[in-house]
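User: Please take one strand pairing and look at it closely. Then work outward from there to the rest of the model. Keep it brisk.

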Amino acid sequence: MTDTSRFGPATLGLHAGQSPDAEFGSRATPIHFTTSYVFPDCDTAAARFDLARTGHVYSRISNPTNAVLEERIAALEGGVGAIAVASGQAALHLAITTLMGAGGHVVASRALYGGSHNLLTYTLPRFGITTSFVDPADPAAWRAALRPETRLLFGETLGNPGLDVLDIPTVATIAHDAGLPLLVDSTLSSPALLRPIEHGADLVMHSATKFLGGHGVAVGGLLIDGGTFDWQASGRFPTLTEPYEGFHDMVFADESPVAAFLLRARREGLRDFGACLSPMNAFQILQGIETLSLRMARHVANARTVAEHLAAHEGVVSVAYPGLPGHRDHALAARLMPQGCGSVMSFELDGGRQAGRAFIEALRLFSHLANVGDAKSLVIHPASTTHFRMSAEELARAGIGEGTVRLSVGLEDPADLLADLDRGLAAAARAAGRTA
Amino acid sequence: MSGTAHIYRAGRPDAEGPVVVFVHGAGHDHSVWNLPARYLARHGYRVLAPDLPGHGQSAGPPLPSVEAMARWLLALLAEQGIAQATLAGHSMGSLIALEAAAQAGAAVEGLALIGTGVPMPVAPALIDAARDNRAKAHAMINQWSFSPGALIGRGAVPGQLAPVGNLRLMARQAEGVLHADLLACDAYQGGLEAAARVTCPVLIVCGQRDQMTPPRNLGSLGDALSRDASRLMIHTLDACGHAIMAEQPDALTDTLVHWRSSF
């Protein structure tokens, strides 16, 4: 069972949010490929627009297939609800723009996915929202970065690609002491390994493209509201506690103290920014979530095998995987993620950029691409791809070297993965002028 | 009182028309009513859904008895200049509405009892948990409040999980509030006498799968209310638990509107 359900995560992953439909009894979730919904009468139409009756109006705002996905991930995370969006980036954007406008400020871990870093560093400042980046392991740095205009603290459960583990209880306490919410990107851990809300996070986001889907066929994002943050007591969120002229003068926190964030995010963010998820993608992500618990256990087992193999190899300078005893956050990972800390890791090859290129090009099973969390094993060289916009100094601050290689360990037979890595390591050694 | 009581008016503070007052239950606040309240507020009714003392945004300690809460409610309506109102209450709120209707006589023109039972004994284990282990009490309430389908299946509001919302709403109330509420429900013994004094039209809405206030326990209340059977309507919602507003809000709205428009 979880903190919010008597059912366990595997059961919720299969059942939460769906009941066989009344007309046909479909056991699988139907794909509601429709833009809009016929109103039975004018009165019902008006009531749905006014949030006086339940039901769907238009698929940019909500869709029955997407609703199953939203309720399923909310059940897995222990949230009061969720919103499915077009990508993980859309989820982050929706969270931020629901909470603040121009003049707002975010304090974020500096160990972030490159896309999030881009949004916070380059794009949002054009709209007046700025971010201070801090060492996620330094509580004093989080506190020192807070300003009167700060509206959100943000970090990743496992900082991509350095694999820093976010001390969620500590950062949540810092946030709450300041009357602010904590948003956690839980993409690399998934609710099968870590449920941030149970540790104090208020909002959780996912790139559902990764482990939740697992198959690598659908891009999508999810934003979950824990329903735990008291917007009225904070007094810093007029978007939720004052009348919104754009929606019947609704005071979202009065309408629903526990789901105010979701109401505003859907009625404004989805309505106006429009980054909705296709119901086909929602269906595909749901198929992935059905096996999430099983897959994550296998991902973790394979990742441990790979990490230990790499750590023992003479051609590898270091391995960043919190499951290894030598990682800075090993003890924290064991506390927050006792079932394992995912299957993404990075390591530094002896031989720098040349060795990195030779390694990647020699691999046959690991696919060289810009994604993680696929059932298939993946590899990438961050300095030349996901983080190429960052300066050498910024790269170093994020814990990335020129020879850093990131792996997302998949579900293949572990012996085959080790053989492939050994092939790459031999090529790297030759490129570096060493004898393999 | 006006300085300490928060009243939700469903977005229509200036609405005129017959007054409908929604009274929430134990450990809850006004927000449990937002869907039917919004609908009625846009269909010719003046809607008020107060937070009881100590609940939601209303200040003060929780009141110790159903009788005291009924007196508080009637005083609130008087302060608002309301001479006649229909009262709709859920669970503990249904006891408050019933007691208020008995106290107020003709000033209450209609009485809707939703998820009700008279008397309303509360399991000692739940009362103890509300005092000693709130999370355990909230889990017990959820287990008994939602139908099996609502505990894991599709929710009424797309993208929202009513059971988790219920946990969070109860967790927001101050320490001791739920315990006081449950003690008040358990101690209220005047319900059948109050029912015998009610003369206005009465609606009882019950969930077929309600484990908190099971429909099978409605007999004595029905007997007390049904001296004029034409004034009593009982409506059972199939596959619905005790959390009627969360599980079947539209069906509840339809039932309320149909009943209220009949007088």
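Analyst: **A parallel pair and what surrounds it**

In chain B, strand E4 (residues 85-90) and strand E5 (residues 108-114) run parallel to each other, paired over 6 bridges. Strands are DSSP runs of E with at least two residues, helices are runs of H or I with at least four, and both are numbered from the N terminus. Pairing requires at least two DSSP bridges between two strands. Within this pair, Ala85(B) sits opposite Val108(B) of E5(B).

This is a predicted model: local features need pLDDT of at least 70, side-chain atom pairs count only at pLDDT 80 or more, and totals for chains, interfaces and linings use all residues. Residues are numbered from 1 along each chain as its sequence is written, while chains are lettered from A and ligands numbered from 1 in the order in which they are written.

Now the whole sheet. It is open, has 7 strands in chain B, and follows the order E1-E3-E2-E4-E5-E6-E7. The pairing is mixed. At the edges lie strand E1 (7-8) and strand E7 (232-237) of chain B, each paired on one side only.

Chain B as a unit has 12 helices and 7 strands. Its C-alpha trace spans about 40 × 40 × 40 Å along the principal axes. The radius of gyration of chain B is 17 Å, which agrees with the value near 18 Å for a compact globule of 263 residues. That radius is taken over C-alpha atoms, and the globule rule is 2.2 Å times the number of residues to the power 0.38. Buried residues make up 57% of the 263. Buried means 20 or more other C-beta atoms within 10 Å of a residue's own, exposed means 12 or fewer, and partly exposed lies in between, with C-beta atoms placed from the backbone. Of the chain B contacts with a separation of 6 or more, 77% link residues 24 or more positions apart. A contact means that two C-beta atoms, placed from the backbone, lie within 7 Å.

Next, the partner chain. 30 residues of chain B are in contact with 41 residues of chain A. On the chain B side, the elements giving two or more residues are helix H1 (34-41), helix H6 (148-152), helix H7 (162-172) and helix H12 (249-260). H7(B) gives the most, with 6 residues. By class, this side has 12 nonpolar, 11 polar and 7 charged residues. Nonpolar covers Ala, Val, Leu, Ile, Met, Phe, Trp, Tyr, Cys and Pro; charged covers Asp, Glu, Lys and Arg; the others, Gly among them, are polar.

One residue of chain A reaches across. Ala82(A) lies in strand E1 (residues 81-85) of chain A. Ala82(A) counts as buried because 31 C-beta neighbours fall inside 10 Å. Its contacts, leaving out residues up to four places away in sequence, include Gly159(B), along with Glu70(A), Ile73(A) and Leu222(A).

Chain A also has a helix with a clear buried side. In helix H7 (residues 168-177) of chain A, the buried residues are Ile168(A), Val171(A), Ala172(A), Ile174(A) and Ala175(A). They cover an arc of only 160° around the axis, so they lie on the same side of H7(A). That arc is taken from the directions running from the helix axis to the C-beta atoms. Among the elements covering these residues are helix H6 (139-145) and helix H14 (330-336) of chain A. Gly179(A) follows H7(A), with a positive phi near 70°.
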